[in-house]
Amino acid sequence: MTVEEIRAHIDPIRHEFAEARSLILPALKFAQTEKGHLTREDLEAVGEATGFSAAYVESVASFYDRLYLRPTGERVVSVCVTLSCMLRGADELLEHVCEREGLPHDGGTSEDGRITVQEVQCLGYCDRAPCVQVDAEETRGPLSLDDADALLEELRSSPRPERLWR
């Protein structure tokens with residue numbers, strides 16, 4: 001992602017933020033949409049576009065679990081493991097999804113790079129536990145193991161999204 005592309009994204013929304021450093025998050029989220037994760041070059045481009053050092057930008061990126069500093073799959077499936085979901089089978093759901101994708105019990109990225117599975121804390125869907133979120137946009141629940149199989153098949157059969165919003 002280039003500095004110009006990032007500026008083109010943040011300049012129209014710049015007036016919405018009282019402090020310039022608040023632009024770092026939307027700039028990082030946008031920079032991540034190209035590859036699904038942030039590279040050193042992306043961090044430097046965000047730094048230049050926002051007026052902060054790459055080191056400062058990286059400190060922001062490393063704080064948030066939805067900003068990825070390592071490659072991820074084309075689709076990211078986040079399984080909520082907080083109390084409500086745990087009491088309604090999140091551990092079994094996470095283990096099932098990981099097993100189906102050939103991953104260790106705590107997640108990772110499938111060998112073909114299509115699916116990343118991760119555990120996350122509360123998604124705010126406690127009344128629909130256990131739940132998962134796809135690409136930090138779509139939350140589904142309650143999810144049975146059969147529902148999870150159908151979701152993974154759906155994700156695998158769908159084309160790669162043009163932009164990888166996370």
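Which residues form a nonpolar patch on the surface? Let me start there. Keep in mind that this is a predicted model. The patch is made of L83, M86 and L87, and together they have about 320 Å² of accessible area. L83 sits in helix α5, which covers residues 83-87. At a relative accessible area of 52%, L83 is exposed, because the cut-off for that is over 50%. As a general point, nonpolar side chains in soluble globular proteins tend to be buried together. So, with the patch on the table, let's go inside.

The largest nonpolar core has 19 residues. If you want to find it on screen, look for I6, L28, L38 and V46, which have the most contacts inside it. Four helices give two or more residues to this core: α1 (3-10), α2 (24-32), α3 (40-50) and α4 (54-63). And which of the elements gives the most? That's α2, with five residues.

Take L38 as a way in. Leaving aside residues up to four places away in sequence, L38 touches L28, A31, Q32, L43, A61, L67, Y68 and L69.

Now A27, which is found in helix α2. A27 is buried, with a relative accessible area of 0%. Again skipping residues up to four places away, A27 has contacts with I6, I10, V46 and T50. For a distance to check, A27 and V3 are 10.0 Å apart in space, C-alpha to C-alpha, and 24 residues apart in sequence.

Over to α3. Its buried residues are D42, L43, A45, V46, G47, A49 and T50, and they pack against α1, α2 and α4. Following α3 comes G51, which has a positive phi, near 85 degrees.

There's also a second, separate core, this one of 17 residues. Among them are V77, C98, L143 and L151.

C98 takes us to helix α6, residues 90-100, where A90, L93, L94, V97 and C98 are buried. Why do I say these line one face of the helix? Because, looking down the axis of α6, the buried residues fall within an arc of 125 degrees. The background here is that an α-helix has 3.6 residues a turn, so residues three or four places apart point the same way. On the other side of α6, E92 and E99 are exposed. As for what covers the buried residues of α6, the list includes β1 (75-80), α5, β3 (115-120), β4 (132-134) and α7 (145-157). So α5, the helix that holds L83, turns up again as part of that cover. Just after α6, G102 takes a positive phi of about 70 degrees.

Okay, charges. Side chains of opposite charge can pair when their charged atoms come close. How many salt bridges are there in this model? The count comes to 14.

Here's one of them: R114 with E74, where the closest N and O atoms are 3.4 Å apart. R114 lies in the loop between β2 (108-109) and β3, and E74 in the loop between α4 and β1, so the pair ties together parts that are 40 residues apart in sequence. R114 is buried, at a relative accessible area of 18%, whereas E74 counts as partly exposed at 21%. Those two values fall on either side of the cut-off, because buried means under 20%.

Next, D135 and R75, whose side chains meet in a salt bridge at 2.6 Å, N to O. This pair links distant parts of the chain, with D135 in the loop between β4 and β5 (138-140) and R75 in strand β1, 60 residues apart. Are they buried or exposed? Both D135 and R75 are buried.

Then there's R128 with D127, the closest N and O atoms being 4.0 Å apart. R128 is partly exposed, with a relative accessible area of 36%, and D127 is exposed at 60%. One more item on charges: E34, K35 and D42 are joined into one network by salt bridges that share partners. D42 is also one of the buried residues of α3.

Last stop is C126, in the loop between β3 and β4. C126 counts as partly exposed, at 39% relative accessibility. The C-alpha atoms of C126 and G141 are separated by 9.1 Å, and the two are 15 residues apart along the chain.

That's my tour. Happy to go back to any of it on screen.

Conventions. Residues are numbered from 1 along each chain as its sequence is written. This is a predicted model: local features need pLDDT of at least 70, side-chain atom pairs count only at pLDDT 80 or more; totals for chains, interfaces and linings use all residues. Side-chain values use heavy atoms; hydrogens and water are left out. A nonpolar core is a set of buried Ala, Val, Leu, Ile, Met, Phe, Trp, Tyr and Cys residues joined through side-chain atoms within 4.5 Å. Buried means under 20% relative accessible area, exposed over 50%, partly exposed in between (1.4 Å probe, protein chains only). Contact means heavy atoms within 4.5 Å. Patches are made of residues with over 30% relative accessible area and no salt bridge: like charges are joined within 9 Å, nonpolar side chains (Val, Leu, Ile, Met, Phe, Trp, Tyr) within 5 Å. Accessible areas come from the Shrake-Rupley method with a 1.4 Å probe; for residues, only the protein chains shown count as cover. The arc is that of the directions from the helix axis to the C-beta atoms.
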